[in-house]
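Reader: I am in my first year and should like to learn how to read a structure such as this one. May I put some questions to you, one topic at a time?

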Amino acid sequence: MSTKSHVGMEQKVCPVCGQAFDTGTILLDKRLRNSLDRHTVTGWDLCPEHAALWKKGYIALVECDPQKSTFTGGTIRPENAYRTGRVAHIRTAAAARIFNIALTGPVAFVEPGVVEMLGQLQPEGEHES
Ligand SMILES: [Zn+2]
């Protein structure tokens, strides 16, 4: 049931895990129209768990099915990614080395096999280099 109201709880969807989470923000329709769902998704943001990993210097490699995902200009937007459910977190510096490109965002969508391949690489350990 979608009962619209002039207040709603803001939710965002995590591009890493695809889960909607509460941001803790209350949305208010300024004209007090009943335009908002009880939970209203306003966009993409990292969930607390994945935001913490990003802050620690880890980039999320989200495996997605290239057949079922929609590419826009060679990349996949979060909303067009068909997630396989596999996610790997590696250090941003390591990712730059492996993919030979500078990854600037907290999320990169990769093809099947990449996550598996990374699992076979020598683990770098948790010590800072
Ligand atoms: Zn997440």
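Reader: What distance separates the centres of domain 1 and domain 2?

Author: The model is a predicted one. Its chain is divided into domain 1, residues 7-47, and domain 2, residues 57-120. Taken over C-alpha atoms, the centres of the two domains are separated by 26 Å.

Reader: How many residues of domain 2 are in contact with domain 1?

Author: A contact requires heavy atoms within 4.5 Å. On the side of domain 1, seven residues take part. On the side of domain 2, the number in contact is ten.

Reader: In what order do the strands E1, E2 and E3 lie in their sheet?

Author: These three strands form an open sheet with mixed pairing. E2 and E3 are the edge strands, since each pairs on one side only. On average, neighbouring strands are turned by 35° against each other, direction ignored. The order is therefore written E2-E1-E3.

Reader: In which sense do E1 and E2 pair, parallel or antiparallel?

Author: Two residue pairs help to locate this pairing: Lys-12 stands opposite Phe-21 in E2, and Gln-11 has Asp-22 in E2 as its bridge partner. The hairpin of E1 and E2 has six residues between the strands, and Gly-18 takes a positive phi near 75° there. Over six bridges, the sense of the pairing is antiparallel.

Reader: And in which sense do E1 and E3 run, parallel or antiparallel?

Author: Here Met-9 has His-39 in E3 as its bridge partner. Five bridges join E1 to E3. The two strands run parallel.

Reader: Is Thr-40 buried or exposed?

Author: Thr-40 has its place in strand E3, residues 39-44. Leaving aside residues up to four places away in sequence, Thr-40 touches Met-9, Glu-10, Gln-11 and Leu-27. Its relative accessibility is 16%. A residue under 20% is called buried, so Thr-40 counts as buried.

Reader: Is Leu-32 buried or exposed?

Author: Leu-32 is found in the loop between E2 and E3. Its phi is near 55°, a positive value in a residue other than glycine. The relative accessibility of Leu-32 is 55%. The cut-off for an exposed residue is over 50%, so Leu-32 counts as exposed.

Reader: Which arrangement do the four donor atoms form around the zinc ion?

Author: The zinc ion is coordinated by Cys-14 (SG), Cys-17 (SG), Cys-47 (SG) and His-50 (ND1), at 1.9 to 2.3 Å. Four donors count as tetrahedral if all angles lie between 85 and 135 degrees. The angles subtended by these donor atoms are 97 to 119°. The arrangement is therefore tetrahedral.

Reader: How many residues apart in sequence are the parts that Cys-14 and His-50 tie together?

Author: The donors of the zinc ion follow the spacing C-x2-C-x29-C-x2-H along the chain. Cys-14 lies in the loop between strand E1 (7-13) and strand E2 (20-28), whereas His-50 lies in helix H1 (residues 48-55), so the pair ties together parts of the chain. Both Cys-14 and His-50 are buried. The separation of these parts in sequence is 36 residues.

Reader: Which strands are the edge strands of the sheet that contains E4?

Author: This open sheet has three strands in the order E7-E4-E8, with mixed pairing. An edge strand in this sheet pairs on one side only. That description applies to E7 and to strand E8 (107-110).

Reader: By what angle are neighbouring strands of this sheet turned against each other on average?

Author: One neighbouring pair is strand E4 (residues 58-64) with E7, joined in the antiparallel sense over six bridges. Within this pair, Tyr-58 has Arg-91 in E7 as its bridge partner. With direction ignored, the average turn between neighbouring strands is 25°.

Reader: At what angle to E7 does helix H2 run?

Author: Helix H2 comprises residues 92-99. The helix lies across E4, E7 and E8. Relative to E7, helix H2 runs at about 110°.

Reader: What separation do the C-alpha atoms of Gly-85 and Asp-65 have?

Author: Gly-85 is found in strand E7, residues 83-91. With 65% relative accessibility, Gly-85 counts as exposed. Along the chain, Gly-85 and Asp-65 are 20 residues apart. Their C-alpha atoms are separated by 9.9 Å.

Terms used: Residues are numbered from 1 along each chain as its sequence is written. This is a predicted model: local features need pLDDT of at least 70, side-chain atom pairs count only at pLDDT 80 or more; totals for chains, interfaces and linings use all residues. Side-chain values use heavy atoms; hydrogens and water are left out. Helices (H or I, at least four residues) and strands (E, at least two) are DSSP runs, numbered from the N terminus. Buried means under 20% relative accessible area, exposed over 50%, partly exposed in between (1.4 Å probe, protein chains only). Donors are N, O and S atoms within 2.8 Å of the metal (3.2 Å for Na, K and Ca); water is not among the atoms, so sites may look incomplete. Four donors count as tetrahedral if all angles lie between 85 and 135 degrees; four count as square planar and six as octahedral if opposite donors are over 155 degrees apart and all others between 65 and 115; anything else is irregular. Two strands pair if DSSP finds at least two bridges between them. Axes are lines fitted to C-alpha atoms, for helices over the stretch in contact, and angles run from 0 to 180 degrees between N-to-C directions. Domain bounds come from an automatic or database domain assignment.
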